Amino acid sequence: MPDNPDVRRIIFLVLLAAAPAAAEQTGECRFDPDTLSFAGTAAEQAACLLRKVEVLGKRKAQPLPPLFARLLDGEALPSAAMMQTALAAFPQPYQDYARIYAAAPLSRTASGLPALYFVIHDTSTPFYADQPFPKRLDTDWQINSFAPYMDGTFAREPVAHIFLSRYGQIWAGHEFQEGWRATKLESRAIGPASRGRFIHIETVQPRRLIAGFTDTGHTHGPEPGFSAAQYRQLAALYVYTSARAGRWLIPAQHNTVDAGIPDAHDDPQNFDLGRFAEEIEAIISPG
Ligand SMILES: [Zn+2]
């Protein structure tokens, strides 16, 4: 789920005027406004950013799959062959679109730093309130329609780079060359200087109220949270964007990026890190 920066812009400007001049690290994973990076090695950053996001946004440490330590702190870079395997995994028409931009670099910040963080969201949409989830989430037309993300229902512009349905279809709201923000860290804490450092993937997953509650601050997603096709395409997008970056991007989640900032969103829910790692492995080490 994205953050809308317009709503609190004035409050933010007031807070900004009162903020101390010295650069301070922001949030639980300690984002440095000068380096536009979280604290630690790439794998250490991933360990913080990939903590399990539980219901109501409670974070719990979990082991980092060995794959990520190998990729992030290792020497091996994404290869042209891996890029081709990722491209071949994409559905049409996104595959043709992705091929057009395969040689283009990702976004950069105003200070010239390249995109480094691959941020996974869940859309938290549609919202079913106290009604049950539909029986077949992965083929339900209402859940998987991209229309509300395209037609201005939620925001004037697409809220993320990528929208990924439960049957694995992909719509690009913004090409990865375009710096785009979808977290409070970017829109409120750091501001425009951070734009271009993060790429944002919205993964379709509905919500409903937790039994006994009537407010949208108390919701839960379905279990399992994401479909098999979504894990496959998330992995393909991760390999594709990393290959364009010329290095392995650091995977992150909306909640953990914003952890420590008030009103942090609680997405993605029910994200299985092991499944994500397995699907990346299947693309980079086929057979
Ligand atoms: Zn989000």
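**Exercise 1. Determine where Phe 146 lies and whether Phe 146 is buried or exposed.**

Solution. Phe 146 belongs to the loop between α6 (141-144) and α7 (147-150); helices are DSSP runs of H or I with at least four residues, strands are runs of E with at least two, and both are numbered from the N terminus. The structure is a predicted model, in which local features need pLDDT of at least 70, side-chain atom pairs count only at pLDDT 80 or more, and totals for chains, interfaces and linings use all residues. Residue numbers start from 1 along each chain as its sequence is written.

Next, the neighbours are considered. A residue is buried if 20 or more other C-beta atoms, placed from the backbone, lie within 10 Å of its own, exposed if 12 or fewer, and partly exposed in between. Phe 146 has 17 other C-beta atoms within 10 Å and is therefore partly exposed.

Finally, the contacts are listed. Leaving aside residues up to four places away in sequence, Phe 146 touches Phe 163, Ser 165 and Trp 171; contact requires C-beta atoms, placed from the backbone, within 7 Å.

**Exercise 2. Classify Ala 211 as buried or exposed, and locate it relative to Phe 146.**

Solution. Ala 211 is found in the loop between β7 (208-209) and β8 (219-220). It has 8 C-beta neighbours inside 10 Å, so Ala 211 counts as exposed. Ala 211 and Phe 146 are 65 residues apart along the chain, and their C-alpha atoms are separated by 28 Å.

**Exercise 3. State the strand order of the open five-stranded sheet and identify which strands stand at its edges.**

Solution. The order is β5-β4-β6-β3-β9, with mixed pairing; two strands pair if DSSP finds at least two bridges between them. β5 (170-172) and β9 (250-253) each have a single partner strand, so one side of each lacks a neighbour in the sheet. Strand β4 (residues 162-164) pairs with β5 in the antiparallel sense over three bridges. Within this pair, Phe 163 has Trp 171 in β5 as its bridge partner.

**Exercise 4. Describe how α9 and α11 cross.**

Solution. The axes of α9 (residues 228-245) and α11 (residues 273-284) come within 8 Å and cross at roughly 60°. Axes are lines fitted to C-alpha atoms, for helices over the stretch in contact, and angles run from 0 to 180 degrees between N-to-C directions. Angles under 35 degrees count as roughly parallel, over 145 as roughly antiparallel, 65 to 115 as roughly perpendicular and the rest as oblique. The two helices, α9 and α11, are therefore oblique to each other.

Terms used
Contact = placed C-beta atoms within 7 Å.
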